[in-house]
Amino acid sequence: MTDSATGRYLCVEFISHYCCMKYNVLVRNDASTSYIELIRKERTSFIQSRGGKIRMSSNTFNMDSGCSRSCFGIASTPKEVVCVTGGSGYIGSYLVHLLLGRGYTVNATVKDLNDEKETKHLEALEGAESRLRLFQIDLLDYDSIVAAVTGASGVFHLASPCVVDQVHDPQNEILAPAIKGTINVLTAAKELGVKRVVITSSLAAIMPNPSWPSNVPNNEDCWTDEEFCKQNELWYPLSKTLAEKAAWDFTKEKGLDIVVLNPGTVMGPILPPTVNTSMRMILYLISGGTSTFENIYTGIVHIKDVALAHILVYENTSANGRHMCVESISHYGDFAAMVAQLYPEYNIPRLPKDTQPGLLRSKSASKKLMDLGLEFTPMEQIIRDSVESLKSKGFLS
Ligand SMILES: NC(=O)c1ccc[n+]([C@@H]2O[C@H](COP(=O)([O-])OP(=O)(O)OC[C@H]3O[C@@H](n4cnc5c(N)ncnc54)[C@H](OP(=O)(O)O)[C@@H]3O)[C@@H](O)[C@H]2O)c1
């Protein structure tokens, strides 16, 4: 009974999807506002390629793992263009899958457009034929990055060498692409007016830090000890720490909006045709490997939760700073014992319970993401999803 009322009114508790209530964290609960924002964002951007190689996708099929398009409301209004560096990788491809399902147009980067192992699994994703564009980049080649970022209003920066094995030339193989690559991506984002950049750092940029108080669980205030890394030749944690610090320095100087995720060891269903470093950890354990990854392991996290967390901190403008992203802080011994319990048919070595001396276990390490609404998949399910995916892809019998 209000005379001033005109036009149409959304009348819904909140906009959500039928198939996975758990993921309603990604759907704003101020439905009317979200509708208005969607309309405002609706636009199509075209690439003004500046020297990089680009390819549009062709064929698609429905994925059998993860959420289908209905989960993320593909039927809704198309969204903006975002760029995912490292789109071909383990985490990157799952993120591209969710972004396409959510209606985004995605510029995904690969290292070699002519290598089908980097492209085919992306081109097969639902929505790829019309909303996925692949770009070939080298993290040290600024112009190749500019081409991929052009037209994007958001960037997810994942590309970085994810290698924990010993390497001959840590400076050129790991440190330079991680650090200089991050600066190149941020510079391009700043120059091209990108709204927000999500940086995929790592729990490896939070710990190891032997001087952190022994009675306080590690949190976002903690930074990996650079000297400890150098002394122990921990090049990957050093690369993630220096790259993340470089990103924060860049932001302070140049004023770009960034938000950082710090995932633990990521496991779960595999989309690419190859097995990445973190999934190799479970293969190694099942094959009888007895290393305890003393300074590397901090706990596991489901790949779907990591991909969702990327979108959550991108879309939620109140998200800021670093975000630990792990099911729990735990010891590798806990993980090994759980794998042994769930899969007694494999010959899992008996390891000490405390494989990470001094590491305080914590169930609420990822409180910031939980407060934003993310529910973490428990360790048991992560292990089951990982082993079943490895089996179905033929990496494990
Ligand atoms: N997996 C984990 O447990 C974990 C945990 C915490 C953080 N992270 C971080 O998450 C990100 C993705 O990790 P991931 O597990 O998905 O690793 P991944 O499967 O090895 O993917 C890495 C991606 O980076 C790209 N890349 C590497 N070096 C590059 C270079 N010089 N130029 C251009 N592209 C380059 C790779 O391209 P190609 O595929 O073409 O080689 C690939 O797309 C990394 O930043 C990693 O540090 C991973």
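**Notebook: helix H6 and the H11/H13 pair**

I looked up the buried residues of H6 (buried: 20 or more other C-beta atoms, placed from the backbone, within 10 Å of the residue's own) and found Ile174, Ala178, Ile179, Gly181, Thr182, Asn184, Val185, Leu186, Ala188 and Ala189. This is a predicted model, in which local features need pLDDT of at least 70 and side-chain atom pairs count only at pLDDT 80 or more, while totals for chains, interfaces and linings use all residues. Residues are numbered from 1 along each chain as its sequence is written.

I then checked what covers these H6 residues, by contact (C-beta atoms, placed from the backbone, within 7 Å), and the cover includes strand S2 (81-85), helix H5 (142-149), strand S5 (154-157), strand S6 (196-200) and helix H8 (235-254). Helices (H or I, at least four residues) and strands (E, at least two) are DSSP runs, numbered from the N terminus.

I compared the length of H6 (residues 170-191) with expectation: at 1.5 Å times one less than its number of residues, its 22 residues should span 32 Å, and the end C-alpha atoms are 30 Å apart, which agrees. I also noted that H6 bends by about 45° at Ala176 (the angle between axes fitted to the seven residues ending there and the seven starting there), with Pro177 following within four residues.

I turned to H11 (residues 332-342) and H13 (residues 379-392), whose axes, lines fitted to C-alpha atoms over the stretch in contact, with angles from 0 to 180 degrees between N-to-C directions, come within 10 Å and cross at roughly 65°. Their contact is made by Phe335, Met338, Val339 and Leu342 of H11 and Met379, Glu380, Ile383 and Arg384 of H13.

For the whole protein chain of 397 residues, I recorded that 46% count as buried.

Note on methods. Contact = placed C-beta atoms within 7 Å. Buried ≥ 20, exposed ≤ 12 C-beta atoms within 10 Å, placed from the backbone.
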